[in-house]
Each structure stands twice: as structure tokens, then as C-alpha cells.
Amino acid sequence: MSNSVASFESMADALRQRFQQLHGRRPRIFRAPGRANLIGEHTDYNDGYVMPVAIDLYTWVAASRRDDRILHVHSDHFGETIEMSLDALSGSPRKHWSDYIRGVAAVLAAGGREVSGANLVIHGQVPLGAGLSSSASLEVSTALALMWTSNFELPPLAMVTVCQRAEHEYVGTRCGIMDQFVSTFGRSYHALMLDCRSLDFQLLPIPANARVVILNTMVRHELAAGEYNRRRADCESAVKTLRRHLPTVVALRDVTSADLERYKSELPDQVYRRCRHVISENQRVLAAAETLQAGDLNRFGHLMYESHRSLQCDYQVSSRELDVLVELASACPGVYGARMTGGGFGGCTVNLVRSDAVERFQSHITEGYKRATGIILAAYVCSAADGAGAW
Ligand code: GLA
């Protein structure tokens, strides 16, 4: 599936019409893309490197201003409408989709800006719980909509950090910055190589003879938030221990493989393996950037497989279904590389496939996956997309 401008047009029209029926006025429409991460997993919150692409699956938000202090929000996906007062946004996560909206509004307001009442209708194309950043795309599109209805604008990077903070404080996931960043700064036909410490980034063209194919295991990452926060805590505890010997270390980004081996005996085995993943993954991202620039997709793909193995064995965030998909992909002609993408525990794999081999790849892998698991997967042949904006 590759979305065309015409299909976006008709989707936006349908959203506009629905909004008009509900609220009797014409909305402005914003959209923010999901993402697939090519390589660099669980490195962002360790001040490391990542290389995602924004994908042409979006969360769309139609918005108009209200004159009271109410956010009136309809979610197409949940078929649910909720109202919240801008004067009662605080409170811990409620495990409800509206936490994202509440969080973005609350963090925008906490920055000292006057957030006004708004009507929002949300239509999401990014599959939920699939590791493709439906959350970040909802946060970013909501932030754009609320800034517009409230008549102020933040610089894009400030908006990114608002969205990340909303997820930490109102959803309860201590995510890194990758997803919100690429949903905002992504560029069509390019991967975005981000240094999550300096926030410097480089746009690297994806060669025309390769396609990014996402395969959805159709297994949602239900328990992922708790496991995700535990991984992050493991990394932080390692930094604390290693700092006793290496006082300049601020994050795992600063630890070399040699350092890790030297102090291995002071870390519980599980924590040691978490570190080994992060440190080697950072090296892989740097190598991947070089190979992409040199157009060496075979080597790039090799790094993707290594990344998957490290996530499977050392970071332990893969799942049987993800492993089956990567295994099957590695046996398909025309596949450069494959790996799980996103937080893990279900969700999707990302595959770099020679353009002329995509069709065969899809049918081969759909068959094989069904045979191995009994599940019918969903495949998205993606184009790298531009970051968020008004439509
Ligand atoms: C989730 C988080 C990101 C990142 C990935 C793992 O998508 O939101 O910040 O940590 O997991 O790489």
C-alpha cells in the first residue's frame, strides 16, 4: 500500500465533511506521520543514534476553536467522543486514548501559553500498538492543532519536547525523543540520522532501487510500557555503577565496548547484556549511515540483521512472531535486511527490499508467516514522508 495524493485528498474531504456535520463549521486539518526505524533501537534514551524514516501513514486532526474552556474530542478509531475542561487537565495516566490529548494540552499550558477551547476530530491511519508510533503522530498532530486554535506557535523542536513530556507525564511511558522528532522533521525519500544528545541530524537519501516494507505481526505490544520503562531503568542503573570508575560518563552513549568488558563483573548479567546491545547498536547506526551514503545496501542489510539479533538476545524485546518474520525475510531473494522496529514485544518488522522484488517478497512472506503462526499479516510498502504540517 502506498498512499497517493488523491487518496489523501479524499480522506481529508471526508474528515472535513464529518467535522462540518458535527460542529457546523469548516475545520483546519493537520496531520503527522508515523515512523519506521531502520536501525538504532532503544538507543535514543541513552543519548545515542537512531535512523528512522517518517512513513506515509498519518494521524489526521480536524480542528476549530471554541470560545469556552472545553476540549471536545472525537476519535474515529474508538468511535468515542469525550469532553475535558482545560481547567482540570492534571492527574496521572488514565490508560485512555484521551491521555495523549490531555497531556499535550496540559504541557502546552504549563509552558505559560494560553490554550483555548477546541473541537477536534481525530482520524488515525497508523495501526495502534504496532510499533509505528501512532502515539507520537497523535501527539504531534494534536500539538499543531491546539497551537493553531490557540493562536500561537512554538518552534518545531520545542513542540517535539512538549509531545515527549506529554507522553512521560500523562501516558506514563518514559520514551526517548526519536518518534516525535522524526514525525516533525522527517523528509520524503530520506532517512533521518539523529544524534539524540546534540539533536543534530542528517538527511540520508534512500536509494531509488530499494523500498521500505513494513510487516505487521498483528500481535499488539500490550505489556510494553512496563517492560520499556524497566529497560530504561536497567540502562540508568548501569550508568550509575560505571560512573564510579568512569566519572565522565553521563549516558551509555559515553561507554565503549572495552569499558563495558572491563567492568562487566560489577553488573548483573542482564544489565550487562542490555548495555552490550546499546553500545553495539550505536556503532551499527554509525556504520549504517556510512553504508547508506556509499549506496552499499547489502552491508546496510547485514547491520539490520545484527541489530535484530542483539535486540532478540541481549535486549530481549523481540517476540516469536517478529523472529519468524525476520527469519523468513532473510531467506527471500531481493531482501537486503530485516529487523524488528520500535519498542518491540510485538508490532512490526522493517524490511529493506529491492524494488523489483517487493511483490514476490510480500506473497512469499505472507504464506510463510501464515504457515508458521496461523496469522495473516498486514504489509505496508512505504514511502519515506515529510514531517507534520497543516494539510
Ligand atoms: C519507542 C519509543 C522511542 C524509542 C523506541 C525504541 O518507540 O517511543 O523513543 O525508545 O521505542 O527504539
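I looked up the ligand's polar contacts (pairs of N or O atoms within 3.5 Å). An oxygen atom of the ligand is 2.7 Å from a polar backbone atom of His42. The side chain of Arg35 places an N or O atom 2.9 Å from a ligand oxygen. For Asp179, I noted a polar side-chain atom 2.6 Å from an oxygen atom of the ligand. The protein covers 92% of the 310 Å² of accessible area that the ligand has on its own (Shrake-Rupley method, 1.4 Å probe).

The model is predicted: local features need pLDDT of at least 70 and side-chain atom pairs pLDDT 80 or more, while totals for chains, interfaces and linings use all residues. Residues are numbered from 1 along each chain as its sequence is written, and side-chain values use heavy atoms, without hydrogens and water.

Next I listed the residues around the ligand (a heavy atom within 4 Å). Among them are Glu41, Asp44, Tyr45, Cys175, Met178 and Tyr228. I sorted the shell into four nonpolar, three polar and four charged residues, with Tyr and Cys counted as nonpolar and Gly as polar.

Last, I checked the domains, whose bounds come from an automatic or database assignment. Domain 1 spans 3–204 and domain 2 spans 206–382. Their C-alpha centres are 25 Å apart. The contact (heavy atoms within 4.5 Å) takes 41 residues from domain 1 and 47 from domain 2.

Note on methods: A polar contact is a pair of N or O atoms within 3.5 Å; within protein, one must be able to donate a hydrogen and the other to accept it, and residues adjacent in sequence count only if both atoms are side-chain atoms.
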